[in-house]
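User: I am a first-year student learning to read protein models, and I would like a close look at one part of this one. Please take your time and connect that part to the rest of the chain.

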Amino acid sequence: MASPDAPLLRALRGDRPERQPVWFMRQAGRSLPEYRELRVGTRMLDACLTPDLAAEITLQPVRRHDVDAAIFFSDIVVPLRLAGVAVEIEPGRGPVFAEPVRTAADVARVTSIDPADVAAAAEPIRDAVRLVVAELGDQVPLIGFAGAPFTLAAYLVEGGPSKEHLRARGMMHADPESWHRLAGWLAQVSRAFLAAQIDGGAQAVQLFDSWAGSLSRAAFLEYVAPHSRVALEGIDVPRIHFGVGTGPFLADMRLGGIADAVGVDWRMPLDEAAAIVGPDTTLQGNIDPALLGAPWPVLAAHVDDVLDRGRGARAHVLNLGHGVPPDTDPTVLTRIVARAHGDVE
Ligand code: CP3
């Protein structure tokens with residue numbers, strides 16, 4: 001278990017530790033050859049539900065990069081699998097559901113599953129988290145995570161990945177009652193997934209609303225934010241709320257102040273974001289993943305600029321603006337960590 005003075009935990013509380021905390025979304029995964037090797041012959045969701053494998057994959061990037069947090073290796077659709085929903089992750093594509101949830105009858109069917117079933121089936125999650133936490137030192141907490149109701153619905157209503165999430169966004173307006181029933185249920189499912197990770201020893205959580213940027217501010221406030229709040233309410237570890245393209249409603253991503261930190265993608269400079277979220281919120285981000293392949297001097301100058309602008313916030317956790325692309329050279333990530341820590345280069 002990490003000490004409360006671990007740099008990440010201090011920054012999430014609003015302090016500025018001497019060591020700049022840094023971790024990367026999707027740091028565990030295909031950018032690492034050791035991950036690709038371990039995953040041969042095992043389907044993604046089976047890997048997520050095999051405790052020693054999930055634990056080892058979680059630890060790989062921590063050993064390699066010297067990051068200030070581990071992010072639990074799992075997926076946003078894992079709690080749906082635990083609830084008995086038929087879902088697979090297709091390589092190179094993403095989550096695919098055997099039966100999309102499109103009509104009022106579909107919504108009634110899926111929401112009749114008791115979210116308590118997720119908690120009951122989550123033993124492999126608790127076990128994997130315990131194995132990870134036992135290996136992490138006292139300076140590196142484990143971040144647990146879950147998908148926000150809208151991002152989960154973007155897959156579940158469509159039945160798979162989509163560009164503009166029209167079916168999920170459409171349901172809000174065509175049948176608001178079904179939408180609210182579905183999003184409310186998804187909030188409970190994600191909450192149960194977070195609770196299992198916290199039980200196992202996760203010391204912070206991140207709610208991923210990766211696709212929230214496809215919403216208008218009005219739709220976010222009416223149809224999404226109340227449910228995301230439910231997913232995070234009453235959780236007693238620091239909470240990070242992340243989305244891509246949420247600049248038009250960044251202040252609302254604070255969820256009325258229950259988010260300790262808000263993630264910012266690469267589109268908005270952090271000094272601007274800091275002025276929007278105000279003095280009570282830590283910022284996380286926002287290295288542009290598109291620069292990871294640039295010559296080192298170009299990337300290093302960008303990292304320095306992100307760090308400079310991050311000083312405008314009450315505290316800053318360095319990260320990318322979205323996940324590590326699979327073709328990233330992992331030595332570049334190690335170099336970014338060293339620079340953020342002031343070690344070399
Ligand atoms: O380091 C980490 O962040 C690891 C844990 C993690 C994964 N997925 C592992 C994963 C986390 C936090 C997620 C969250 C997730 N899953 C999100 C939100 C984060 C984001 O990137 O916006 C979303 C939208 C998903 C749904 C999902 N799962 C997608 C779009 C994909 C990619 C499909 C592909 O092959 O390109 C997945 C699969 C997935 N989740 C992989 C990993 C490592 C790749 C699986 C593989 O190795 O084949």
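User: Is Asp 66 buried, partly exposed or exposed?

Analyst: This is a predicted model, and everything below should be read with that in mind. Asp 66 is partly exposed, because its relative accessible area is 39%, and that class covers values between the 20% under which a residue counts as buried and the 50% over which it counts as exposed. Asp 66 sits in the loop between α4 and β1, the strand made of residues 70–71. The backbone at Asp 66 also deserves attention, since this residue has a positive phi of about 65 degrees although it is not a glycine. As a general rule, most residues other than glycine have a negative phi, and most peptide bonds are trans.

To see the surroundings of Asp 66, it helps to step back into the helix. His 65 lies in helix α4, and His 65 is buried, because its relative accessible area is 1%. If residues up to four places away in sequence are left out, His 65 touches Leu 32, Pro 330, Leu 333, Thr 334 and Val 337. Helix α15 covers residues 330–340, and the contacts of His 65 with Pro 330, Leu 333, Thr 334 and Val 337 therefore bring helix α4 against helix α15.

Further back in helix α4, which runs over residues 51–65, is Ala 54. Ala 54 counts as buried, because its relative accessibility is 0%. Once neighbours within four places in sequence are set aside, Ala 54 is in contact with Ala 47, Cys 48, Phe 73 and Ala 128. Ala 54 is also 26 Å from Val 244, C-alpha to C-alpha, and the two are 190 residues apart in sequence.

Val 244 in turn leads to another loop, since it is among the residues in contact with Ser 210, together with Thr 151, Phe 242, Gly 243 and His 322, when neighbours within four places in sequence are not counted. Ser 210 is found between β5 (204–209) and α12 (217–232), and although it lies in a loop, Ser 210 is buried, because its relative accessible area is 9%.

Two other places can be set beside Asp 66 for their backbone geometry. His 165 likewise has a positive phi, of about 55 degrees, without being a glycine, and it lies in the loop between α9 and α10, the helix of residues 166–174. Whereas Asp 66 is partly exposed, His 165 counts as buried, because its relative accessibility is 5%. The other place concerns the peptide bond itself: Gly 285 and Asn 286 are joined by a cis peptide bond, with omega at about -15 degrees, and Asn 286 is found in strand β8, residues 282–287.

The pockets give a further way to relate these parts to one another. Rolling a probe the size of a water molecule over the atoms shows where empty space is left. In this model the largest pocket holds about 1,200 Å³ of space, and of the 37 residues that line it, Arg 26, Arg 30, Asp 75, Ile 89 and Gly 94 are the closest to its centre. Its lining takes at least two residues from each of α2 (33–39), β2 (87–90), β3 (94–97) and α9 (149–158), and by class the lining has 19 nonpolar, eleven polar and seven charged residues.

The second largest pocket contains about 180 Å³ of space, and 13 residues line it, with Arg 16, Pro 17, Gln 20, Leu 307 and Arg 311 nearest its centre. Here α14 (296–310) and α15 each supply at least two residues of the lining, and the lining divides into five nonpolar, three polar and five charged residues.

Finally, the whole chain gives the setting for Asp 66. The secondary structure comes to 15 helices and nine strands. The radius of gyration is 19 Å, close to the 20 Å that the globule rule gives for 345 residues, so the chain is as compact as a globular protein of that length. Its C-alpha trace spans about 60 × 45 × 35 Å along the principal axes. Of the 345 residues, 58% count as buried, and among contacts with a separation of 6 or more, 73% are between residues 24 or more positions apart. The chain exposes about 13,100 Å², of which carbon and sulfur atoms supply 51%.

Note on methods. Residues numbered from 1 in each chain as written. Predicted model: local features only at pLDDT ≥ 70, side-chain atom pairs only at ≥ 80, totals over all residues. Heavy atoms only, no water. 1 Å grid on protein atoms, 1.4 Å probe; cavity = no way out; pocket = protein on both sides within 12 Å on 5 of 7 lines; lining within 4 Å. Points joined across faces, edges and corners; volume = space filled by probe spheres on them. Helix = DSSP H or I, 4+ residues; strand = E, 2+ residues; numbered from the N terminus. Nonpolar A, V, L, I, M, F, W, Y, C, P; charged D, E, K, R; others polar. Buried < 20%, exposed > 50% of the residue type's maximum accessible area, 1.4 Å probe, protein only. Contact = heavy atoms within 4.5 Å. Rg over C-alpha atoms; globule rule 2.2 N^0.38 Å. Areas by Shrake-Rupley, 256 points an atom, 1.4 Å probe, with all protein chains shown as cover.
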